[in-house]
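User: I'd like to learn how to read a fold like this one, feature by feature. Could you walk me through it?

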Amino acid sequence: MPPALLLMGAFGASQATAADFDGFLALTSDYIYRGASQTGHGPAIQADAHYYDPGGWLAGVWGSNVRLHPDESTGVEIDPYL
């Protein structure tokens with residue numbers, strides 16, 4: 001069963017008629033990628049911030065906490081995109 005989404009909020013404007021910033025913040029019960037927990041079956045805080053350009057392109061960054069092995073401390077995954 002996929003992780004439950006516990007909390008999700010949105011910020012930014014909703015119309016993309018001009019340059020627009022948007023994003024989200026989420027707290028999930030687990031971060032699972034391709035069937036494997038990325039947080040040691042623990043909770044994850046995830047955020048996204050992106051910029052919509054009137055010319056049709058999008059750029060942003062997404063991030064989450066990760067803990068791939070029980071002996072490791074919690075780290076951060078940051079994924080920029082264009």
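User: What percentage of the 82 residues of the protein count as buried?

Analyst: Buried means under 20% relative accessible area, exposed means over 50%, and partly exposed is in between (1.4 Å probe, protein chains only). Here 26% of the 82 residues count as buried. This is a predicted model, where local features need pLDDT of at least 70, side-chain atom pairs count only at pLDDT 80 or more, and totals for chains, interfaces and linings use all residues. Residues are numbered from 1 along each chain as its sequence is written, and side-chain values use heavy atoms, with hydrogens and water left out.

User: How many helices and strands does the secondary structure of the protein come to?

Analyst: Helices (H or I, at least four residues) and strands (E, at least two) are DSSP runs, numbered from the N terminus. In this case there are zero helices and seven strands, so the order from the N terminus reads β-β-β-β-β-β-β.

User: Thanks! Which aromatic pairs should I look at, and how many does a search of the whole structure find?

Analyst: Rings of Phe, Tyr and Trp (its six-membered ring) pair if their centres lie within 6.5 Å; planes under 30 degrees apart count as stacked, over 60 as edge-to-face and the rest as tilted. The search finds three aromatic pairs. One of them joins Phe 21 and Tyr 51, a tilted pair at 5.0 Å centre to centre with 50° between the planes. Phe 21 sits in strand S2 (residues 20-28) and Tyr 51 in strand S5, so this pair ties together parts that are 30 residues apart in sequence. Phe 21 counts as exposed at 60% relative accessibility, while Tyr 51 is partly exposed at 21%. Another pair is Tyr 31 with Trp 62, edge-to-face at 5.6 Å centre to centre and 70° between the planes. Tyr 31 lies in the loop between S2 and strand S3 (32-33) and Trp 62 in strand S6 (residues 58-66), so parts 31 residues apart in sequence are tied together. Tyr 31 is buried at 10% relative accessible area, and Trp 62 counts as buried at 17%. There is also one aromatic cluster, formed by Phe 21, Tyr 51 and Trp 57.

User: Tyr 31 caught my eye. Which residues is Gln 38 in contact with, leaving aside its neighbours within four places in sequence?

Analyst: Contact means heavy atoms within 4.5 Å. With those neighbours set aside, Gln 38 touches Asp 30, Tyr 31, Tyr 33, Val 66, Arg 67 and Leu 68. Gln 38 belongs to the loop between strand S4 (36-37) and strand S5 (44-52), and is buried at 15% relative accessible area. Its side chain reaches the backbone oxygen of Ala 36 at 3.1 Å.

User: And with which side chain does Asp 48 make a polar contact?

Analyst: A polar contact is a pair of N or O atoms within 3.5 Å; within protein, one must be able to donate a hydrogen and the other to accept it, and residues adjacent in sequence count only if both atoms are side-chain atoms. For Asp 48, the partner is the side chain of His 50, at 2.3 Å. Asp 48 lies in strand S5 and is buried, with a relative accessible area of 7%. Asp 48 and Val 61 are 13 residues apart in sequence and 5.8 Å apart in space, C-alpha to C-alpha.
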